[in-house]
Amino acid sequence: MAINFSVNGRPVTSAAPEGTPLLWVLREELKLTGTKYGCGAGQCGACMVHIEGGRTFSCLTPVSSVQGKSVTTIEGLSPGRLNTLQRAWLAESVPQCGYCQSGQLMSAAALLAANPRPTRAEASDVANAVFDGSDALMLSAETAAGAYPIEAVEMMDRIIREAESSDSRMLRPQPAQFNIAETAAELICHASEELQMKVIAVFTETGSTGRLISKHRPRRPIIAFSTIQETRRRLSLYWGVVPRTIAQVHNIEELVLVTEKRLLEEKLVKRGDVVGIVAGTPLFVGGTTNFMKFHIIGNKDEQTRRAKR
Ligand code: FES
């Protein structure tokens with residue numbers, strides 16, 4: 001009877017007798033020789049594969065028992081690249097003769113995928129990425145494919161928040177000399193603390209001003225308005241930046257009014273709150289950041305003055 005199953009994501013059919021060890025089907029029929037024969041008795045682990053994600057001795061597994069199931073061998077652990085475990089193996093010079101290493105790697109991968117707690121090295125990798133000023137972090141493929149993907153994301157979130165709360169170790173931009181855009185970014189972040197701003201609003205064509213402000217890690221959200229979709233997508237990856245689309249405005253007065261209207265609509269501010277606005281003149285021209293304003297939401301005097309002009 002033909003036995004249908006998948007190996008490393010590909011459907012296969014074997015006509016081998018039902019009691020044939022899976023190991024021989026993998027090696028002889030499918031030519032996947034990374035899985036090794038050692039003791040043939042379930043003791044050495046050289047033949048280890050994953051069946052439905054769990055570690056299994058392929059020397060003891062009749063091929064008929066994998067009907068309809070998915071099998072992963074060392075060749076499918078990280079197709080086309082070295083798995084994180086393999087890189088660690090090499091870095092630590094683990095392989096000796098190398099014969100049984102594929103089985104050991106498969107065992108380690110299955111155990112790690114089933115472990116809900118990060119190792120000390122994994123936790124410090126995440127924290128160090130925060131201290132190094134990374135804008136965004138993602139799970140490695142090995143972790144994301146484990147048995148606890150949601151718990152892994154939640155744990156990474158907790159580590160990130162903890163690392164960010166000890167901000168004395170966070171890197172800050174310290175160029176020898178700030179240019180105008182960098183100076184505006186530094187000043188608005190400083191002022192956001194002094195004036196207890198609710199948000200920092202930035203109008204940006206290239207996304208550069210949003211990035212410069214983000215580098216200072218202000219404690220206020222950075223609302224970045226841009227008319228350009230590509231820029232907004234890039235902005236969404238910068239730390240603390242919330243991109244928003246906006247139609248073209250024609251002068252600074254209109255820009256302030258639009259900022260206030262949008263922030264009120266999104267309930268990010270209320271009357272009396274102070275916001276910082278950073279833009280460039282001429283408006284909507286890249287590389288012109290040279291304008292900064294501290295604005296009190298609902299400041300009628302200012303609005304009346306503007307209306308009379
Ligand atoms: S070959 Fe040794 S456990 Fe399978």
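Helix axes here are lines fitted to C-alpha atoms over the stretch in contact, and the angles between them run from 0 to 180 degrees between N-to-C directions. With that in hand, let's work through some exercises on this predicted model.

**Exercise 1. Describe how helices α4 and α6 pack, and name the residues that meet.**

Step 1: Start with the geometry. Helix α4 and helix α6 (residues 149–165) pack with their axes 9 Å apart, at an angle of about 45°.

Step 2: Classify the angle. Angles under 35 degrees count as roughly parallel and 65 to 115 as roughly perpendicular. The pair α4 and α6 is therefore oblique.

Step 3: Add the hand, which for the crossing of α4 and α6 is right-handed.

Step 4: Find the contact. On the α4 side it is made by A123, V126, A127, V130 and F131, and on the α6 side by M156, I159, I160, A163 and E164. Sorted by class, the contact of α4 with α6 has nine nonpolar residues, no polar ones and one charged.

**Exercise 2. Check the length of helix α4 against the span its residues should give.**

Step 1: Helix α4 covers residues 120–131, which makes twelve residues.

Step 2: At 1.5 Å a residue, they should span 16 Å, where the expected span is 1.5 Å times one less than the number of residues.

Step 3: Compare with the model: the end C-alpha atoms of α4 are 16 Å apart, which agrees.

Step 4: Look just past the helix, where G133 takes a positive phi of about 90°.

**Exercise 3. Work out the strand order of the sheet that contains β1, and say which helix packs on this sheet.**

Step 1: The sheet is open, has five strands and runs in the order β2-β1-β5-β3-β4, with mixed pairing.

Step 2: Its edge strands are β2 (10–14) and β4 (54–57), each of which pairs on one side only. From one strand to the next, the twist averages 40°.

Step 3: Zoom in on one pair. Strand β1 (residues 3–7) and strand β5 (residues 70–72) pair in the parallel sense over two bridges, and V7 stands opposite V71 in β5.

Step 4: Now add the helix. Helix α3 (residues 101–113) packs on the sheet and touches β3 (48–51) and β4. The direction of α3 makes about 35° with that of β3.

**Exercise 4. Follow α3 to its neighbour α2 and characterise their crossing.**

Step 1: The axes of helix α2 (residues 84–91) and α3 come within 10 Å and cross at roughly 125°.

Step 2: Angles over 145 degrees would count as roughly antiparallel. Helices α2 and α3 are therefore oblique to each other, and their crossing is right-handed.

Step 3: In the contact, L85, Q86 and W89 of α2 meet Q101, L105, A108 and A109 of α3. The classes are five nonpolar, two polar and no charged residues.

**Exercise 5. Lay out the sheet that contains β6, and explain why one side of each edge strand has no neighbour in the sheet.**

Step 1: This open sheet of five strands has the order β8-β7-β6-β9-β10, with mixed pairing.

Step 2: Strands β8 (241–245) and β10 (289–296) stand at the edges with a single partner strand each, so one side of each is left without a neighbour in the sheet. Neighbouring strands here are turned by 20° against each other on average, direction ignored.

Step 3: Within the sheet, β6 (residues 199–203) and β7 (residues 222–226) form a parallel pair over four bridges. The bridge partner of V202 in β7 is A224.

Step 4: Helix α7 packs on the sheet, touching β6, β9 (274–280) and β10, and its direction makes about 15° with that of β10.

**Exercise 6. Describe the crossing of α7 with α8.**

Step 1: The axes of α7 (residues 180–194) and α8 (residues 208–215) come within 9 Å and cross at roughly 50°. The two helices are therefore oblique, and their crossing is right-handed.

Step 2: From α7 the contact takes A181, E182, A185, I188 and C189, and from α8 S208, T209, L212 and I213. These divide into six nonpolar, two polar and one charged.

Key. Residues are numbered from 1 along each chain as its sequence is written. This is a predicted model: local features need pLDDT of at least 70, side-chain atom pairs count only at pLDDT 80 or more; totals for chains, interfaces and linings use all residues. A crossing is left-handed if the near helix is turned anticlockwise from the far one by less than a right angle, and right-handed if clockwise. Two residues are in contact if their C-beta atoms, placed from the backbone, lie within 7 Å. Ala, Val, Leu, Ile, Met, Phe, Trp, Tyr, Cys and Pro count as nonpolar, Asp, Glu, Lys and Arg as charged, and the others, Gly among them, as polar. Two strands pair if DSSP finds at least two bridges between them.
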